Amino acid sequence: MFRFVVEEIPESGFEFTRTLDAAWARPYCGAQFVAGDDGVSMHLKLSRAGNTVAVQGRLTGALTFTCSRCAEQAPFALDYAFTHLFLEEESNRSKVPKDVPDPEELDVTVFGGGEIDLEPLVGEELALALPIIPRCSETCRGLCQRCGRNLNEGPCACPPDEEDPRWAALRRVKLEGGHDAGPEEKDV
Ligand SMILES: [Zn+2]
Ligand SMILES: [Zn+2]
């Protein structure tokens, strides 16, 4: 599914769609994302100029993730496009398939042996497509640092005037004035 003999790729290009199942996707999804039962759909277009192959791809799918702030599950609609060049050692970017925009800007893999393997590329692109610190919404309020309540569900019972001890320490330093050393960092 991922390996192609370069000579057999038509210069005019060809396209195909495959389903990558959730088990395949798992190593690239990190700790927070999980692909749904339908896996990830991969649409690829390969085209060739001499020994240079261009891969234009699109990954789509319904994933779920664990919110970085409130730890609830939330849906993620994956829709990610990428273009990549495979060059043989002696090739250069001056000869690329015609339908490739901005070849100077593209990431490149150098291959040998007359074959390309797309699996590492697709896995890496999937990993890049997923946010590093995903949130269930832009306005997620996260968990109360003291009682652990999910603040999206409403305020907790912690006293509202009890401020973060780091801010209190910082203000004390300012009031006292003249201290060069900052407040001691405390884990909360
Ligand atoms: Zn959240
Ligand atoms: Zn609380």
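Colleague: Which way do β5 and β6 run where they are joined, and how many bridges are there?

Modeller: In this predicted model, β5 and β6 run parallel, and 5 bridges join them. One place to look for this pairing is Glu88, whose bridge partner in β6 is Phe111.

Colleague: OK, and what holds paired strands together in general?

Modeller: Strands of a sheet pair through backbone hydrogen bonds, and the pairing can be either parallel or antiparallel.

Colleague: What is the order of the strands in the open sheet here?

Modeller: The open sheet has 5 strands in the order β2-β3-β4-β5-β6, and its pairing is mixed. At its edges stand β2, residues 14-20, and β6, residues 107-111, each of which pairs on one side only. On average, neighbouring strands of this sheet are turned by 25 degrees against each other, if direction is ignored.

Colleague: Does anything sit on that sheet, I mean, which strands does helix α2 touch?

Modeller: Helix α2, which covers residues 119-129, packs on the sheet and touches β3, β4, β5 and β6, and its direction makes about 45 degrees with that of β4.

Colleague: Back to the strands, then: how many bridges join β3 to β4?

Modeller: Strand β3, residues 33-49, is joined to β4, residues 52-66, by 13 bridges, and these two strands run antiparallel. If you want a pair to find in the structure, Ser47 has Ala54 in β4 as its bridge partner.

Colleague: And in what sense do β4 and β5 pair?

Modeller: The pairing of β4 and β5 is also antiparallel, over 14 bridges, and within it Thr60 stands opposite Asp79 in β5. The hairpin formed by β4 and β5 has 6 residues between the strands, and Ala71 there takes a positive phi near 65 degrees.

Colleague: Let me change topic. How many residues are in the largest nonpolar core?

Modeller: The largest nonpolar core has 24 residues, and the ones with the most contacts inside it are Val40, Met42, Val53, Val55 and Leu126. The elements giving two or more residues to this core are β3, β4, β5 and α2. As a general background, nonpolar side chains tend to be buried together in soluble globular proteins.

Colleague: You listed Val53, so what is Val53 in contact with, apart from its close neighbours in sequence?

Modeller: Leaving aside neighbours within four places in sequence, Val53 is in contact with Val6, Ile9, Leu46, Arg48, Phe86 and Ile116.

Colleague: Which residues of α2 are buried?

Modeller: The buried residues of α2 are Val122, Glu125, Leu126 and Ala129. They lie on the same side of α2, because they cover an arc of only 105 degrees around the axis. These buried residues pack against α1, residues 22-25, and against β3, β4 and β5.

Colleague: What about the face turned away from the buried side of α2?

Modeller: That face carries the exposed residues Pro120 and Leu128.

Colleague: And Ala127, why is Ala127 counted as partly exposed?

Modeller: Ala127, which has its place in helix α2, is partly exposed because 15 other C-beta atoms lie within 10 Å, whereas a residue needs 20 or more to be buried and 12 or fewer to be exposed. Its C-alpha atom is separated by 9.8 Å from that of Phe33, although Ala127 and Phe33 are 94 residues apart along the chain.

Colleague: Last one, for the whole chain: how many helices and strands are there?

Modeller: The chain has 3 helices and 7 strands, which follow the pattern β-β-α-β-β-β-β-β-α-α along the sequence. Of its 188 residues, 18% count as buried.

Methods:
Residues are numbered from 1 along each chain as its sequence is written. Chains are lettered from A and ligands numbered from 1 in the order in which they are written. This is a predicted model: local features need pLDDT of at least 70, side-chain atom pairs count only at pLDDT 80 or more; totals for chains, interfaces and linings use all residues. Helices (H or I, at least four residues) and strands (E, at least two) are DSSP runs, numbered from the N terminus. Two strands pair if DSSP finds at least two bridges between them. Axes are lines fitted to C-alpha atoms, for helices over the stretch in contact, and angles run from 0 to 180 degrees between N-to-C directions. Two residues are in contact if their C-beta atoms, placed from the backbone, lie within 7 Å. A nonpolar core is a set of buried Ala, Val, Leu, Ile, Met, Phe, Trp, Tyr and Cys residues joined through C-beta atoms within 7 Å. The arc is that of the directions from the helix axis to the C-beta atoms.
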